[in-house]
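These are my notebook entries on a set of look-ups in one structure. I kept them short and grouped them by place.

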Amino acid sequence: MTTFIELLVAGLALGGVYALIALGFTIVFRASRVINFAQGQLLVLGAFLTSWLAIDGHVPFWFAFLIGAAGTALLALVFQVGVLRFALGRPDFTIVMLTLGLATILQAVLPSIFGSTGRGNGDPWGSSSVQLGQVAFTWVQVWTVVAALVVLVAFWLFNQRSRYGLAMRSAAADPEAALAVGIPLRRVYATAWALAGVVACIGGVFLGGYPNSVDPTLANAALLAFPAIILGGIDSTTGAVVGGFVIGVVEELTAGYQPQYASWLGTNFYLVTPYVVMILVLLLRPYGLFGSRPAERL
Amino acid sequence: MSGLLTTRRVVLAVALVVVLLLPFVVGLYWLSTLVFVLIAAIGALGLDVLTGRTGQISLGHAFFLAIGAYVGGWIGADLHLTAALWIPAAAVIAGVVGGIVGPTALRLRGLYLAIVTLGLIYIGQHIFVNVPALTGGPGGRAFIDPAFGGFSFTNGVTILGLSFDRNGLFYYLALLLLILAMLFVHNLGRTHAGRSMYAVRDGELAAAVLGVNVARTKVSAFVISSALAGVAGAMYGSYLTFAVPTDWNLALSIEYVVMIVVGGMATLWGPVLGALFVIGLPALLQQVSGSSPLFGVLQPADAAAIVYGVMLIVFLLLEPRGVVGVVERITRLFQRNRQLQPDPAHGGP
């Protein structure tokens, strides 16, 4: 039972990060129907910036975090305004490839600037852990879950209560109608990308916490968050959150139990469970659990 | 210019002669790079059938390259059979796997398909790591040079006083396979199946309404694409001599996507030019920089990645038809200028 609870907490922490990454994807997708394949690299950028400021720059962690998030948001914004804006209305393929182009560039640039060896994320908790009864978990795990929940609630409030949230929802529902009633689509898209940058940075920093480290391979986590958005339905923020936590818990439970009970699935099977879950879901419900099926026009 | 001697044919003939003579002119480094270009061009042609011609985004091409490579390793290196068997077998088995995976694509489109094919890469790597009998497990496995009966590429050969070493033989075999693949894809574009692919790409529902069997068209695009990837993979593994499961990764798939986009999608020469660019550029930068990083910080491979990331963005925004589109624009410009010149025989236009 102790093992189960520990795995569950680890799963929730991992799921929190997936939920944050998935939220980044969903924000961008809802506003502009773009899946950002460079989200993983934004994550790495945010984590590197924060880590570098906090460790090498001796800036207080929370302040470094703030600057890191701002820097990541700025880059996302520049990409949207400088590149994607010119591809509005182009086929999905073009837009996917544009974000892949950004991913390719950042993938090469980031290690050249920050090096490719792992480094700490600069957080004040390090490897310290907390003991509750027989169950032990690290402070990083606790804070990851807390941060994920805070961000998700904040985004929900923003989306439901603020004028910009309303603008983003209407842009998502019908861009042309939104434009017709005077919603500044360009600003909505730019805001969505900047927000995605902030969320990416938060996800990256927590993902880089103990026992992990900040290095370019963190970008892979974003690819593992794809199953979360697919599971939840790509245009649903609730879905992104639920999907993120489900995938995280499934992954950790598999990591904990599969070697013992289903060793025939091979070593490190837990690394691919998100994709296995995703493919099963897609075969049964092609638009995810919470997604909406788009109408088709000739 | 009419009849047998059209400009196009003359250019093609000259190009063919140049390509045939290249191994005697270039050094080992560039010959080896060119072999990789030719092999990649076969794979890129395959991806173009699926993505460029049928409109199905795939990030899973590396998976099918891997299937081809391992079929080659199994039949060639483990069973010691002739290359005349394992090269076609790589195509067939990779094609069959494509036919199995393809139907999942039927219910998905666009972005969802991109993500599922991405899953293929990771699930594939997991499987490859866990079947050491075929793939050597995490440590990787060795492949074998093509051998036809008692004649192996390893030793080279001398014909009519001309000696061909391993690289030269690989070059001509890859060239032959590429030409066959190009002929196949070119002719495919003129068949019912090929035209159905264009119809599906340009409007799936409209195609279905017009009586195109969308499901069959998509699956056949997957099969053809995977089969060509299989041939490319088998040759790639064999030329590389060794591969670990993690070599068949997302970055490799993205390289192929860059090839078709930069070269020009749904064109015959696009994938070939794209392969030349994507494989040739890092090789060139490597040659220029030697052992020291460029500008003190950039590894040649990283510099190349940055350049083709930028090229990907630039081409998508400005010339979606890639290098082929640029060439066509230049040719048109040239032809228009020639038409505007007064024709001396007829006293001007």
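The entries below go from the contact between chains to helices, the core and single residues.

**Entry 1. The contact between chains A and B**

I note at the outset that I worked on a predicted model. I looked up the contact between the chains and found 35 residues from chain A and 36 residues from chain B in it. On the side of chain A that touches chain B, the elements giving two or more residues are α4 (92-114), α9 (219-232) and α11 (273-284) of chain A. Of these, α4(A) supplies the largest share, 14 residues. I then sorted the residues of this side of chain A by type and obtained 26 nonpolar, seven polar and two charged.

**Entry 2. Helix α2 of chain A and its packing on α8**

I turned to α2(A), residues 39-56. Its 18 residues should span 26 Å at 1.5 Å a residue, and the end C-alpha atoms are 25 Å apart, so the two values agree. The helix is mostly covered, with 15 of its 18 residues buried. After α2(A) comes A:His58, which has a positive phi near 55°.

Next I looked up the packing of this helix. I recorded two numbers, because two packed helices are described by the angle between their axes and the distance between the axes. For α2(A) and α8(A), residues 185-207, the angle is about 65° and the axes are 7 Å apart. The crossing of these two helices is right-handed. On the α2(A) side the residues that meet the partner are A:Gln39, A:Leu42, A:Leu43, A:Val44, A:Gly46, A:Ala47 and A:Thr50. On the α8(A) side they include A:Ala196, A:Gly197, A:Ala200, A:Gly203 and A:Gly204. By type, the residues of this contact are nine nonpolar, six polar and no charged.

**Entry 3. The nonpolar core**

Which residues have the most contacts inside the largest nonpolar core? I found A:Ala19, A:Leu43, A:Ala225, B:Ile39, B:Val71 and B:Val231, in a core of 216 residues. Helix α1(A), residues 2-32, gives the most to this core, with 17 residues. A:Leu43 had already appeared in Entry 2, among the α2(A) residues that meet α8(A).

I followed A:Ala19 further. Beyond its neighbours within four places in sequence, A:Ala19 is in contact with A:Ala148, A:Leu152, A:Ala228, A:Ala240, A:Val241, A:Gly244 and A:Phe245.

**Entry 4. Helix α5 of chain A**

Two of those partners, A:Ala148 and A:Leu152, are buried residues of α5(A). The other buried residues I listed in α5(A) are A:Val140, A:Gln141, A:Thr144, A:Val145 and A:Phe155. Their cover includes α1, β2 (135-138), α8 and α10 (237-261) of chain A. I also checked the length of α5(A), residues 139-161: at 1.5 Å a residue its 23 residues should span 33 Å, and the end C-alpha atoms are 32 Å apart, which agrees.

**Entry 5. Single residues of chain A**

I located A:Tyr164 in helix α6(A), residues 163-173. It is partly exposed, because 16 other C-beta atoms lie within 10 Å. Apart from neighbours within four places in sequence, A:Tyr164 is in contact with A:Phe158 and A:Thr191. A:Tyr164 and A:Gln131 are 33 residues apart in sequence, and their C-alpha atoms are 42 Å apart in space.

A:Pro184 lies in the loop between α7 (175-180) and α8 of chain A. I counted A:Pro184 as partly exposed because it has 13 C-beta neighbours inside 10 Å. From A:Pro184 to A:Ala167 the separation is 17 residues in sequence and 8.1 Å in space, C-alpha to C-alpha.

**Entry 6. Single residues of chain B**

Is B:Ala181 buried or exposed? With 25 C-beta neighbours inside 10 Å, B:Ala181 counts as buried; the cut-off for this is 20 or more. It belongs to helix α7(B), residues 166-188. Leaving out neighbours within four places in sequence, I found B:Ala181 in contact with B:Ile42, B:Leu45 and B:Leu228. B:Gly43 is 138 residues from B:Ala181 in sequence and 9.4 Å from it in space, C-alpha to C-alpha.

I closed with positive phi values in residues other than glycine. B:His80 has phi near 55° and sits in the loop between α3 (61-78) and α4 (83-101) of chain B. B:His80 counts as exposed because it has 9 C-beta neighbours inside 10 Å. B:Thr241 has phi near 70° and is found in the loop between α10 (214-240) and β6 (242-243) of chain B. With 11 C-beta neighbours inside 10 Å, B:Thr241 counts as exposed.

Technical notes
Residues are numbered from 1 along each chain as its sequence is written. Chains are lettered from A and ligands numbered from 1 in the order in which they are written. This is a predicted model: local features need pLDDT of at least 70, side-chain atom pairs count only at pLDDT 80 or more; totals for chains, interfaces and linings use all residues. Two residues are in contact if their C-beta atoms, placed from the backbone, lie within 7 Å. Helices (H or I, at least four residues) and strands (E, at least two) are DSSP runs, numbered from the N terminus. Ala, Val, Leu, Ile, Met, Phe, Trp, Tyr, Cys and Pro count as nonpolar, Asp, Glu, Lys and Arg as charged, and the others, Gly among them, as polar. Axes are lines fitted to C-alpha atoms, for helices over the stretch in contact, and angles run from 0 to 180 degrees between N-to-C directions. A crossing is left-handed if the near helix is turned anticlockwise from the far one by less than a right angle, and right-handed if clockwise. A nonpolar core is a set of buried Ala, Val, Leu, Ile, Met, Phe, Trp, Tyr and Cys residues joined through C-beta atoms within 7 Å. A residue is buried if 20 or more other C-beta atoms lie within 10 Å of its own, exposed if 12 or fewer, and partly exposed in between; C-beta atoms are placed from the backbone. The expected span of a helix is 1.5 Å times one less than its number of residues.
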